[in-house]
Amino acid sequence: MSTRIAYYAYGSPDVLRVEDEHPDEPGPGQVRLRQEMIGVNPVDWKMVAGYFRQSDRAPFPHVPGWASTGIIEQVGPGVAGLSVGDAVIAGARGGAYREQLVIDAHLVVPRPETVSIEQAAALPSSAVAGYSMVQNLRITDEDTLLVHGAAGSVGAATVQIALDQGARVIGTASAHNHNYLRSLGAIPVLYGDALASALRRLGPITASADAVGGRESIDATRAVLVYGGRAVTAWGDEHSHAARIPWVQHPDDELEQTVAIAARGALTVRIGETFPLGAAAESLKLSQAGHPAGKILLAP
């Protein structure tokens with residue numbers, strides 16, 4: 001038997017149940033992992049809350065989770081390049097909150113020796129979103145990039161990857177995160193009523209990556225972005241739609257490329273609190289409250 005976290009109706013994190021299950025056999029093109037660590041992301045509680053119910057046609061029960069790392073225990077027919085015993089990083093499309101995970105092989109990449117288990121679990125979803133925003137914007141060393149929500153997991157990854165591309169990076173964050181942004185190499189700016197004025201004093205901004213969404217960040221982007229500048233958001237909403245700021249598009253190799261950047265030391269995820277798998281509801285409540293001090297993890 002194995003443990004999973006499931007929900008049978010949309011709602012708050014309290015709808016989650018801790019259940020036993022019989023692990024599935026991997027089918028063609030699939031592998032089964034023994035999970036070592038699971039990443040908690042805002043998309044998880046949004047799935048549980050039903051934010052994506054219109055596009056999610058799968059019957060209940062559902063299992064949240066888009067990020068994990070573990071060891072391959074079984075390989076299904078037709079899988080090449082992966083073997084039992086391999087350590088891998090998994091970018092699931094839901095379903096990762098369990099001790100054993102069956103997943104399509106094309107959604108996993110090998111875990112480099114230079115990437116810890118905690119870092120590996122933190123990379124899918126948040127860090128890959130940062131990578132994809134930088135790629136969508138075609139950031140170069142000629143850019144000054146504005147990152148909204150720069151101290152969060154998506155924002156901090158965006159900052160580091162853009163800096164690795166040689167860009168000058170400005171990041172919005174609360175005051176207590178400014179030293180963290182400086183340690184990454186970004187210029188911190190306090191969000192709030194005076195945001196646009198503060199940004200204008202820092203010179204021309206050629207691109208904007210929004211890791212939080214909402215009216216404030218969209219208004220600031222529209223106020224300071226140079227003519228012909230580029231913008232993208234990780235959280236599309238009515239405000240970004242009205243401003244014609246596109247939702248980030250995800251290249252097929254985003255996980256592989258993000259892991260490669262982390263493996264050479266150019267990307268590190270700040271780790272926050274770790275919960276046991278059975279306390280998944282508490283982990284989602286912390287994520288839902290906003291501004292956790294680093295990536296939240298689950299330990300099966």
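Tyr7, Tyr10 and Phe60 make up one aromatic cluster in this predicted model. The structure contains four aromatic pairs. One of them joins Tyr7 and Tyr10, whose ring centres lie 6.4 Å apart with 50° between the planes, a tilted arrangement. The ring of Tyr10 also pairs with that of Phe60: here the centres are 5.1 Å apart and the planes stand at 70°, so this pair is edge-to-face. The cut-off behind that label is an angle over 60 degrees.

The position of the second pair in the chain deserves attention. Tyr10 belongs to the loop between strand E1 (2–6) and strand E2 (17–21), while Phe60 belongs to the loop between helix H1 (42–49) and strand E4 (67–75); the pair therefore ties together parts that are 50 residues apart in sequence. The members of the cluster can also be described by their accessibility. Tyr7 has a relative accessibility of 0% and therefore counts as buried. Tyr10, at 23%, counts as partly exposed, and Phe60 is likewise partly exposed, with a relative accessible area of 33%. These assignments follow because buried means under 20% relative accessible area and exposed means over 50%, with partly exposed in between.

Two further rings are accompanied by charged side chains. The charged end of Arg17 sits over the ring of Tyr8, at 4.3 Å from the ring centre. In the case of Trp235, the charged end of Lys46 sits over the ring, 3.5 Å from its centre.

Strand E1 itself is the next element to consider. Five of its five residues are buried, so E1 is largely enclosed by the rest of the structure. Ser2, Arg4 and Ala6 point one way from the strand, whereas Thr3 and Ile5 point the other way, and all of them are buried. E1 pairs with E2 in the antiparallel sense over five bridges. Within this pairing, Arg4 has Glu19 of E2 as its bridge partner.

Strand E3 (residues 30–40) contains Ile38. With a relative accessible area of 0%, Ile38 is buried. Which residues surround Ile38, leaving aside its neighbours within four places in sequence? Its contacts include Ala67, Ser68, Ala96, Tyr97 and Arg98, together with Ala121, Leu277, Ile296, Leu297, Leu298 and Pro300. By contrast, the C-alpha atoms of Ile38 and Gly192 are separated by 33 Å, the two residues being 154 residues apart along the chain.

The path now turns to a parallel sheet. Five strands form this open sheet in the order E10-E9-E8-E11-E12, with parallel pairing. Its edge strands are strand E10 (187–190) and strand E12 (225–233), each of which pairs on one side only. From one strand to the next, the twist averages 25°. Strand E9 (residues 168–173) pairs with E10 in the parallel sense over four bridges, and Ala173 stands opposite Leu190 in E10.

Helices accompany this sheet. Helix H2 (residues 117–137) packs on the sheet and touches strand E8 (144–148), strand E11 (205–210) and E12, its direction making about 150° with that of E12. Helix H3 (residues 153–164) lies across E8, E9 and E11 and runs at about 170° to E8.

Methods:
Residues are numbered from 1 along each chain as its sequence is written. This is a predicted model: local features need pLDDT of at least 70, side-chain atom pairs count only at pLDDT 80 or more; totals for chains, interfaces and linings use all residues. Side-chain values use heavy atoms; hydrogens and water are left out. Rings of Phe, Tyr and Trp (its six-membered ring) pair if their centres lie within 6.5 Å; planes under 30 degrees apart count as stacked, over 60 as edge-to-face and the rest as tilted. Buried means under 20% relative accessible area, exposed over 50%, partly exposed in between (1.4 Å probe, protein chains only). Helices (H or I, at least four residues) and strands (E, at least two) are DSSP runs, numbered from the N terminus. A charge sits over a ring if NZ of Lys or CZ of Arg is within 6 Å of the ring centre and within 35 degrees of the ring normal. Two strands pair if DSSP finds at least two bridges between them. Axes are lines fitted to C-alpha atoms, for helices over the stretch in contact, and angles run from 0 to 180 degrees between N-to-C directions. Contact means heavy atoms within 4.5 Å.
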